Protein chains: 2
Amino acid sequence: MERLLSNIKISINEKCYLKDPESSDLGKRIVENSIILIDEIGFDNFTFKKLGVKIGSNESSIYRYFESKHKLLLYLTSWYWSWMEYQLVFSTHSIPSPKLKLEIAISILTQTTVLDSNFSHINEVVLKRIVINEYSKSYLTKEVDLENKEGYFSTYKRLVTRLKDFILELNNSYEFAFSLASTVIDGALHMQFIKDHFQSISDKKMEKEPTEFYKELVFKTLNIA
Amino acid sequence: MERLLSNIKISINEKCYLKDPESSDLGKRIVENSIILIDEIGFDNFTFKKLGVKIGSNESSIYRYFESKHKLLLYLTSWYWSWMEYQLVFSTHSIPSPKLKLEIAISILTQTTVLDSNFSHINEVVLKRIVINEYSKSYLTKEVDLENKEGYFSTYKRLVTRLKDFILELNNSYEFAFSLASTVIDGALHMQFIKDHFQSISDKKMEKEPTEFYKELVFKTLNIA
DNA sequence: CAAATATAATAGTAATACTATTATAAATGA
DNA sequence: TCATTTATAATAGTATTACTATTATATTTG
């Protein structure tokens with residue numbers, strides 16, 4: 001848990017960790033460097049042993065914070081979604097126009113460039129890359145229903161729900177608001193992957209950001225001029 | 001490679017296998033039962049040893065067909081996309097109206113119920129579940145660029161391109177045709193996962209199929225009444 | 001300064017994802 | 001038909017992974 005501009009917290013299910021990594025220097029180094037190492041070698045090749053070498057600490061010490069690399073991934077991705085939620089809430093808070101609010105929300109959720117922030121030990125640019133490349137692996141498992149029940153995905157689902165509410169504020173007769181919301185949130189991540197790796201099926205106009213694509217998609221679908 | 005109604009073939013990059021599994025009874029049993037076993041225990045828990053037990057054969061014999069379980073997954077998912085491509089091409093071949101063509105295409109790509117087919121040893125219903133739950137893992141790797149160059153994802157990309165062409169036939173000034181195509185194809189898989197596991201962010205109207213959602217999304221985005 | 005707590009070091013385990021070698025069975029061809 | 005090729009099965013072995021458990025050594029705190 002970390003305070004952001006003394007308002008909202010980065011809220012992460014406590015079951016993700018055995019000992020709060022924010023509570024010690026070692027914990028912060030674990031989080032900071034796991035982000036860097038997962039980005040470098042990929043989650044599949046990432047081990048606590050390698051992370052131990054990187055931070056000059058021992059494998060067993062890392063296990064005192066996270067019981068598995070899967071839980072660490074849940075921690076990191078929850079952090080990301082919580083941070084997104086914060087940006088969403090903060091940026092739309094004082095906007096009265098539902099249309100502008102939704103527009104801002106789509107911008108935040110689909111932009112490729114990442115806002116600087118004050119979390120010394122978390123590099124949000126790199127964390128975003130991890131979410132693009134590894135988030136799916138956190139739920140595409142046989143344990144997803146159990147873990148979902150235990151609340152590991154609630155931050156993500158709350159973000160989708162917030163976007164759905166913005167959609168309904170603008171057009172409350174639309175019957176697929178949840179689906180449209182997750183199309184934007186999950187689609188934007190996937191679109192970034194396509195742009196980075198499958199250029200031959202990426203639109204030229206996508207060169208900068210998918211924001212325009214999603215804005216048009218959403219507003220046309222909602223019959224908003 | 002397998003002929004379908006003496007017309008199109010299920011085309012799979014030969015690099016996926018060491019020995020064509022269609023060329024022997026053991027090969028077919030490997031493919032047939034790997035689909036069933038991956039569905040049962042998930043790709044992460046799937047091993048050639050367990051598959052060997054299931055088919056009453058030896059681990060080492062399976063390795064003579066597929067050099068790794070990753071290559072097997074590439075084989076199975078390529079098979080799926082090739083089969084989808086076949087259905088798409090076959091069902092739209094004689095349709096002159098671009099709108100109807102695109103409508104049919106969206107139906108095929110987003111329907112949850114799966115058409116029966118004549119491939120004795122491949123259960124398409126189960127294979128679809130595998131694609132929903134495991135396809136991402138085939139490309140969310142550090143080797144994706146290399147494997148993409150080697151053509152392992154070409155069937156999938158060709159399918160996206162076909163749908164993009166349908167979109168452009170209907171509205172050739174639309175600048176995000178590729179993105180819209182992959183939104184439909186990949187989104188539909190993801191939507192099925194959400195419906196199955198994250199019901200709290202799934203729309204009530206989604207209970208049957210996401211087809212209506214995607215048709216509306218596409219036609220409104222393309223300014224088609 | 002003693003006790004509690006955090007971290008590090010060492011060792012060990014079952015399973016994974018393979019490779020390599022040899023043995024045996026089945027199919028084919030001269 | 002029998003020799004040869006080819007397919008399959010069995011066995012063994014490897015480095016790595018994803019941990020757990022135990023003990024030792026720092027560091028902090030009361």
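# Close-up views of a predicted protein–DNA model

**Figure 1. S57(A) reaches the backbone of DNA strand C.** A polar atom in the side chain of S57(A) sits 2.3 Å from a phosphate oxygen of DNA strand C. The model shown here, and in every view below, is predicted. S57(A) is one of 18 residues around DNA strand C. Among the nearest of them are also R64(A) and Y65(A) from chain A. Chain B adds E59(B) and Y63(B) to the nearest group.

**Figure 2. Chain B touches a base and a sugar or linking oxygen of DNA strand C.** Look first at E59(B). An N or O atom of the E59(B) side chain is 3.2 Å from a base nitrogen of DNA strand C. Now turn to Y63(B). A polar atom of the Y63(B) side chain also has a partner on DNA strand C, a sugar or linking oxygen at 3.2 Å.

**Figure 3. The protein surface near DNA strand C.** Which helix gives the most residues to the surface near DNA strand C? The answer is α3(B), with 3 residues. Helix α3 of chain A and helix α3 of chain B each supply at least two residues here. By class, this surface has 8 polar, 6 charged and 4 nonpolar residues. Now consider the DNA side. Of the atoms of DNA strand C within 4 Å of the protein, 62% are sugar or phosphate atoms. The rest belong to bases.

**Figure 4. Two serines of chain B meet phosphates of DNA strand D.** For S57(B), a polar side-chain atom lies 2.3 Å from a phosphate oxygen of DNA strand D. S61(B) makes a contact too. An N or O atom of the S61(B) side chain is 3.2 Å from a phosphate oxygen of DNA strand D. Two elements give two or more residues to the surface near this strand: α3 (59–63) of chain A and α3 (59–63) of chain B.

**Figure 5. The protein surface near DNA strand D.** How many residues surround DNA strand D? There are 18. The closest are E59(A) and Y63(A) from chain A, with S57(B), R64(B) and Y65(B) from chain B. Helix α3(A) provides the largest share of this surface, 3 residues. Sorted by class, the surface near DNA strand D holds 6 charged, 8 polar and 4 nonpolar residues. On the DNA side, 65% of the strand D atoms within 4 Å of the protein belong to sugar or phosphate, and the rest to bases.

**Figure 6. E67(A) has two partners.** The first partner is DNA. A backbone N or O atom of E67(A) lies 3.4 Å from a sugar or linking oxygen of DNA strand D. The second partner is K71(A). The side chains of E67(A) and K71(A) form a salt bridge, with N and O 3.3 Å apart. Is K71(A) buried or exposed? K71(A) has 11% relative accessibility, so it counts as buried. E67(A) has a relative accessible area of 44%, so it is partly exposed.

**Figure 7. A salt bridge in helix α1 of chain A.** Side chains of opposite charge can pair when their charged atoms come close. Here R29(A) pairs with D25(A) in a salt bridge, and the closest N and O atoms are 3.4 Å apart. Both residues belong to helix α1 (residues 25–41) of chain A. They are 4 residues apart, so about one helical turn separates them. R29(A) is partly exposed, at 27% relative accessibility. D25(A) is exposed, at 55%.

**Figure 8. Another salt bridge, and a network.** E212(A) and K205(A) form a salt bridge, their closest N and O atoms lying 3.0 Å apart. E212(A) is partly exposed, with 36% relative accessibility. K205(A) is partly exposed as well, at 32%. Elsewhere, salt bridges with shared partners link D44(A), E134(A) and K137(A) into one network. Over all chains, the structure holds 28 salt bridges.

**Figure 9. The two protein copies and their axis.** Chain A can be superposed on chain B by a rotation of 180°, with 0.0 Å of shift along the axis and an RMSD of 0.0 Å. The two copies are therefore related as by a two-fold rotation axis. Which residue of chain A comes closest to the rotation axis? It is K220(A), with its C-alpha at 2.9 Å. Of the interface residues of chain A, 100% are also interface residues in chain B, so the copies meet through the same surface.

Notes: Residues numbered from 1 in each chain as written. Chains lettered and ligands numbered in written order. Predicted model: local features only at pLDDT ≥ 70, side-chain atom pairs only at ≥ 80, totals over all residues. Heavy atoms only, no water. Near = heavy atom within 4 Å. Polar contact = N/O pair within 3.5 Å; in protein donor to acceptor, adjacent residues only side chain to side chain. Nonpolar A, V, L, I, M, F, W, Y, C, P; charged D, E, K, R; others polar. Least-squares fit on C-alpha atoms with pLDDT ≥ 70 in both. Contact = heavy atoms within 4.5 Å. Salt bridge = Lys/Arg side-chain N within 4 Å of Asp/Glu carboxyl O. Buried < 20%, exposed > 50% of the residue type's maximum accessible area, 1.4 Å probe, protein only.
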